[in-house]
Amino acid sequence: MIANAHTGIVICLKQLSGNSLASGSDDGKIKIWDITTGQQTKSITVAGAPSILDLETLNSDQYLVAALENGKIIVYDTQNNYAIYNTLMFHTANKKVYRLAKSLDTQYLYSGSEDFFAIVK
């Protein structure tokens with residue numbers, strides 16, 4: 001069991017490769033957990049602390065992608081200590097990006113926002 005995960009509501013969860021789980025919250029943090037021990041292995045604070053609304057992985061879990069309430073999509077490099085790999089601004093600023101999905105061949109990232117757009121990149 002994982003306790004005291006966040007200081008805000010946990011909004012999204014994403015199973016990562018191996019025994020890892022990512023959680024995103026309205027406290028502006030993404031946390032990485034070892035699901036066999038329940039121990040937190042990494043905590044990422046998103047600049048400006050916007051809510052994390054969804055999480056997705058790309059390229060065999062090399063990248064963890066976060067959809068934010070401020071309209072941004074942030075891509076973290078899991079093989080480089082979760083350093084920011086890219087910040088994407090596909091949607092209207094300050095319009096929440098609610099959902100992320102990847103194509104079955106993992107070539108495309110889909111995102112849906114309250115700006116009434118679904119984007120394919």
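This section describes the strands and sheets of a predicted model, together with selected residues within them.

The sheet that contains strands S1 to S4 is open and has four strands, arranged in the order S1-S2-S3-S4 with antiparallel pairing. Its edges are formed by strand S1 (10-15) and strand S4 (39-45); each has a single partner strand, so one side of each is left without a neighbour in the sheet. From one strand to the next, the twist averages 20°. Within this sheet, strand S3 (residues 29-34) runs antiparallel to S4, and six bridges join the two. In this pairing, Ile30 of S3 is placed opposite Ile44 in S4.

A further set of antiparallel pairings involves strand S7, which spans residues 73-77. Strand S7 is mostly covered, five of its five residues being buried. The burial extends to both faces of the strand. In a regular strand, side chains alternate between the two faces of the sheet. In S7, Ile73, Val75 and Asp77 lie on one side, Ile74 and Tyr76 lie on the other, and all are buried. Asp77 is thus listed with Ile73 and Val75 on a covered face of S7.

On the side of the preceding strand, S6 (residues 63-68) pairs with S7 in the antiparallel sense over five bridges. Ala66 stands opposite Ile74 of S7, a residue that is itself buried. Strands S6 and S7 form a hairpin in which four residues lie between them. In the turn of this hairpin, Gly71 has a positive phi of about 90°.

Strand S7 is also joined to strand S8 (residues 83-88), again by five bridges, and these two strands run antiparallel. Here Val75, one of the buried residues of S7, stands opposite Asn86 in S8. Strands S7 and S8 likewise form a hairpin, with five residues between them. The turn includes Asn81, for which phi is positive at about 55°. Strand S7 therefore takes part in two hairpins, one with S6 and one with S8, given that strands count as paired if at least two bridges are found between them.

The strands S9, S10 and S11 make up an open sheet of three strands, in the order S9-S10-S11 and with antiparallel pairing. Strand S9 (97-102) and S11 are the edge strands, each pairing on one side only. Neighbouring strands of this sheet are turned against each other by 20° on average, direction ignored. Strand S10 (residues 109-113) pairs with S11 in the antiparallel sense over three bridges.

Ala118 lies in strand S11, which covers residues 118-120. Across the pairing, Gly112 stands opposite Ala118. When residues up to four places away in sequence are not counted, Ala118 touches Ser111 and Gly112. Ala118 is classed as exposed because its relative accessible area is 69%, against a cut-off of over 50%. The C-alpha atoms of Ala118 and Asn70 are 16 Å apart in space, the two residues being separated by 48 positions in sequence.

Val120 is likewise found in strand S11. Together with Tyr108 and Tyr110, Val120 forms a nonpolar patch on the surface. The accessible area of these residues together is about 280 Å².

How values were computed:
Residues are numbered from 1 along each chain as its sequence is written. This is a predicted model: local features need pLDDT of at least 70, side-chain atom pairs count only at pLDDT 80 or more; totals for chains, interfaces and linings use all residues. Side-chain values use heavy atoms; hydrogens and water are left out. Buried means under 20% relative accessible area, exposed over 50%, partly exposed in between (1.4 Å probe, protein chains only). Contact means heavy atoms within 4.5 Å. Axes are lines fitted to C-alpha atoms, for helices over the stretch in contact, and angles run from 0 to 180 degrees between N-to-C directions. Patches are made of residues with over 30% relative accessible area and no salt bridge: like charges are joined within 9 Å, nonpolar side chains (Val, Leu, Ile, Met, Phe, Trp, Tyr) within 5 Å. Accessible areas come from the Shrake-Rupley method with a 1.4 Å probe; for residues, only the protein chains shown count as cover. A salt bridge is a side-chain nitrogen of Lys or Arg within 4 Å of a carboxyl oxygen of Asp or Glu.
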